[in-house]
Every structure is written in structure tokens, then in C-alpha cells.
Amino acid sequence: MTTGLASSSHSDGLSRIRRVAITIVLGLISSCATTRCVASRDVTAYFEGNGDTQDALARTVAGAILARPSHEALVYETGVTRFDCQASVAVYQMAILGLGQIILAHPEKRPDYLPAMRHAAELMLRPETMRYARQAYGGDALSATDGRAYLGYVNLALAMLRLVDPDTSFGPLNDRLTNGFVAQLDASPHGMVETYPNETWPPDVAAVVGSIGLHAVATHLDRSAMLRRWATRFEACALDASGYVVQRVDAACIPLDAPRGTGTAIASYFLAFANRDLSHRLETALHGPSILGFGGVSEYAPKHAGKGDVNAGPMLFNISVGATGFAIGASRANGDEDAFARFVRSANLFGVPTTVAGNRSYAFGGLLGNALMLAMLTARAP
Amino acid sequence: LRRSLAICAVLTSFAFLAHIVSASWLAPRDPIALATSGHAVMTVIAVVSLSCARAFLLLVPGWWIWLVVRVVRKT
């Protein structure tokens, strides 16, 4: 009798544990399925370049830029002048790249977005956005005769504007900056140009080279030989054995920082405008965990560690927001649909895309985040 | 069970509302510009509210499944 009761109680206990376990598993599966379903919205549409999907985000970015008076560029006031000015340039550069990429894919949208691109170019060149560069070098911030790879970002945007607007008044500046960079890179034994005095950042050099490639397309020049020569020296100087790009080097090419995911991903995106082989190699080197269709990019290459910085943004277990965001552009530019889907799902999960009156924006992104996402999501496919 | 269902329904509705309101408030604005221009408290409230509501809404299907399983067992 006693044995029978104990057996029945034991059986009830097991049955209860099984029911609880099944319920928990079902709950987890349904939560994961919901999360993935919510985050997968528009992933395929973006990869395929659906015009309506791109428009919803592009209208938000273009509207915010056109709402800005031409005598006052957006400059954040965080108290860190370097970040404030670089963020300002990035807003306008990425907006121009994103809108330009849409026009190249859908030429009928040129009248809709060209005014915003022109306005963004004017704002990008305002004295307030160049304040940090002026402090670093003194005098004219728009000269490219002695380093100044920060102007690679500006020049890349101007080259994109020129591609969709051949008669732009910024053509002479685009020519002057490009010719200066070509001469500097050809003269450099390591294929490097300083960003600021005594600061050499290979990802910034990738922006410079991207601008030369895009300028060549816009002006029908053949710079392929120069770009191949440069790529060999760049790889020797800045490419780590892991395939990641070293974030910062000194004048003799000694690494001053680790090989980093943010630099590698953004360099891959920029180089898609100039050297598709190198861009593809960098994109395939990007790695990180993938769980349930969500993906992230490791900020530090294997055997390296660090705390990240403003470029990497928030980091968790070596996965950085910056690297993952830039990898969206790198993967689309290289036709890697699986990677693109994983990274966009992560961006959708944490960025909270929100539609208000038909316009899409990332709730946590602000103008900087929205402009960056526009450029990455519309990166030109091979 | 009835009370659990009611609590779950109220919390889910509240989370939906908080998500919609905070996302709609943040979306046309720039969190960095807001936070550095004297609206830091409002920005933090909106960001925390949106994050919590989103996390809850992504986990709540599990709770609903658990409640549905209990309802099916009872009936």
C-alpha cells in the first residue's frame, strides 16, 4: 500500500515536471518565433532593393535634411568636439550616399531626392562641421595636400553627388580633393594618408580610396592601375592575418590598435566603390555569432580584446553595434544575402523601426542612425 | 487562472500602449540631440519605457502559451 502511494506520487511528480518543461519549451519557442517574425520585416525587400521600402526610410532622412536651414548644419553638442563634428559629417555623407544609391537603382526617383542631396552637401561643408579639423590643422579645412583623410568622407559624398548630378557646383572641389589624394597615396610607401596630424586610421584611408573609385566612375577616368597598386600596399600594412583591418597604425605601419570589426566592415563598404575584390575579402572575414537568424559582428579579431570606443558603440560579449551596422552595407554590397538578413534582423530588433505617417525611422537612431541605416540598407549590390 | 489571464491581458495592453507611445515620440526626434539639449530626462524615460515594453512584448507570447495550456487542461 505504502509502496503504491509512493509510486503514484512519484509518477505525478514526473508528469508535473514534464508538463512544466513542455510549457516552458513551448513558451520559449513562441517567444523566439515572435521575435524573429517581428525582426524579419522588410529584410527581403531591402535586399532586393524594393523602391517602396527604401522610400519609407529615405523620405524621413531627406525630410530631416531639407528642414534644416542652409546656414546651420546639425552639430551635436555632447561636449566632445571631435565626435560632434565627425557625427555631423557622417550624417550628411551617409544621407548623400544612401539617397544617391537609391537614385542609381531607381533613376526615376532623382527629382525626389536630388534636392536633399544638394542641401546635404552644402551643410556638410559648413564651417561648423569642420571645426575639429580646423583646430587640428589650422587654416583651411578643405585642403587635401597634407594628409587629411577625414576629407575622404566628404569627398566620397561629393563623388556620389557628382555621379547623379554631373553639373554640380561641387565638381571642382571634388576634382581638387581627388587629385590631392591620388598624389598622396601614390607617394606613400604604405598606401596610407594621415587623418589628422600624427594619426593614421586605415578605415579612413578606405573612405579616401572609395572616393577615388567613385570619382573615376563619375568622370569616366580609368584609375584601376593606381587602385591595384594601392591595394597591395594597404594589405601589407593594415590587413591582419585574421582578415580584419587594423584600426590604427603609426607612420611606419606599426599597429597602434587591434584589428577591429567596425573598421573592417566600413572599409568593406567603402572599398566596394573602388576595389570589389578587396571589399569582398574584408566582408568574408567578418565573423560573429549567429543565433536563431540573428547575427552580430565581433569587434575584436581573435586573440585581441578591448573596451571598444565611440565607433564601436555599445558592446556585449565582443559584439559591437557599430560593426554589425556597417556589416549590413558590406554584406549587401557583396551580395551576401544570409549575412545581410542576420544583421538587419538584429538592427530591427534593437533599433525599433517605427512608421509614422508612412515614413520609416529607427526610434533609437536619430538622424545619424537613420542616415547610416539608409546608406547600409541601400548599398549597391554587385 | 481567471486572475492570471486578466493580469496578462492588462500588462500586454499596457506594454502595447507604452511601445506605441514611446516609439512614436522618439521616432521623429533625435535622441542624441535631445539628450544634450536639456531634455535628457524625457529622453531617458522614453528610451527605458520603449526598451522595457519591447522586451515584455517579445517574451509575453510564452506567458500566453502557458495560460492557454492551463485553460485547455481545466476544460
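Two helices from two chains contribute to a positive surface patch: α1 (2-39) of chain A and α3 (40-74) of chain B each supply at least two of its residues. The patch is formed by A:R16, A:R19, B:R73 and B:K74. Keep in mind while you look at it that this is a predicted model. If you want one residue to start from, take A:R16, which lies in helix α1 of chain A. A:R16 counts as exposed because its relative accessibility is 55%, and the cut-off for that label is over 50%.

Stay on the same chain for a patch of another kind. A:V20, A:I24 and A:L28 form a nonpolar patch on the surface, and together they have about 280 Å² of accessible area. A:L28 lies in helix α1 of chain A, and at 53% relative accessibility A:L28 counts as exposed. The numbering pattern has a simple background: an α-helix has 3.6 residues a turn, so residues three or four places apart point the same way.

Now for the cysteines. How many disulfides does the structure hold over all chains? There is 1, and it joins A:C237 to A:C253, with an S to S distance of 1.6 Å. The torsion about the S-S bond is -115°, and the link of A:C237 and A:C253 is left-handed. The pair ties together distant parts of the chain: A:C237 sits in helix α10 (residues 224-238) of chain A, while A:C253 is in the loop between β1 (245-246) and β2 (259-260) of chain A, 16 residues apart. Both ends are tucked away from solvent in the accessibility sense: A:C237 is buried, with a relative accessible area of 10%, and A:C253 is buried, with a relative accessible area of 14%.

Why does A:C37 have no such bond? The sulfur of A:C37 is 13 Å from the closest cysteine sulfur, in A:C32, and that is too far for a bond. The cut-off for a disulfide is a pair of cysteine sulfur atoms within 2.5 Å. A:C37 counts as exposed, at 58% relative accessibility. A:C85, on the other hand, counts as buried, at 3% relative accessibility.

Next come the charged pairs. Side chains of opposite charge can pair when their charged atoms come close. A search of the whole structure turns up 14 salt bridges over all chains. One of them has the side chains of A:R110 and A:D165 meeting at 3.7 Å, N to O. That pair links distant parts of the chain, with A:R110 in helix α5 (residues 110-124) of chain A and A:D165 in the loop between α7 (151-164) and α8 (171-187) of chain A, 55 residues apart. A:R110 counts as partly exposed at 33% relative accessibility, whereas A:D165 counts as buried at 6%.

A:D165 also forms a salt bridge with A:R118, and here the closest N and O atoms are 2.9 Å apart. Again the contact spans distant parts of the chain, from A:D165 in the loop between α7 and α8 of chain A to A:R118 in helix α5 of chain A, 47 residues apart. A:R118 counts as partly exposed, at 37% relative accessibility.

Another salt bridge brings together the side chains of A:R260 and A:E299, at 2.4 Å, N to O. These residues come from distant parts of the chain too: A:R260 is in strand β2 of chain A and A:E299 is in the loop between β5 (297-298) and β6 (315-316) of chain A, 39 residues apart. Are these two charged residues buried or exposed? A:R260 counts as buried at 1% relative accessibility, and A:E299 is buried as well, with a relative accessible area of 0%. The pair has company, since salt bridges that share partners join A:D257, A:R260, A:E299 and A:D309 into one network.

Finish with helix α11 (residues 261-271) of chain A. Of its 11 residues, 11 are buried, so the helix is largely enclosed by the rest of the structure. To pick them out in your viewer, the buried residues of α11(A) include A:G261, A:T262, A:G263 and A:T264. Further along, A:A265, A:I266, A:A267 and A:S268 are among them, and so are A:Y269, A:F270 and A:L271.

Definitions and conventions:
Residues are numbered from 1 along each chain as its sequence is written. Chains are lettered from A and ligands numbered from 1 in the order in which they are written. This is a predicted model: local features need pLDDT of at least 70, side-chain atom pairs count only at pLDDT 80 or more; totals for chains, interfaces and linings use all residues. Side-chain values use heavy atoms; hydrogens and water are left out. Patches are made of residues with over 30% relative accessible area and no salt bridge: like charges are joined within 9 Å, nonpolar side chains (Val, Leu, Ile, Met, Phe, Trp, Tyr) within 5 Å. Accessible areas come from the Shrake-Rupley method with a 1.4 Å probe; for residues, only the protein chains shown count as cover. A salt bridge is a side-chain nitrogen of Lys or Arg within 4 Å of a carboxyl oxygen of Asp or Glu. Lys and Arg count as positive and Asp and Glu as negative; His and the chain ends are not counted. The place of a charge is taken as NZ of Lys, CZ of Arg, CG of Asp or CD of Glu. Helices (H or I, at least four residues) and strands (E, at least two) are DSSP runs, numbered from the N terminus. Buried means under 20% relative accessible area, exposed over 50%, partly exposed in between (1.4 Å probe, protein chains only).
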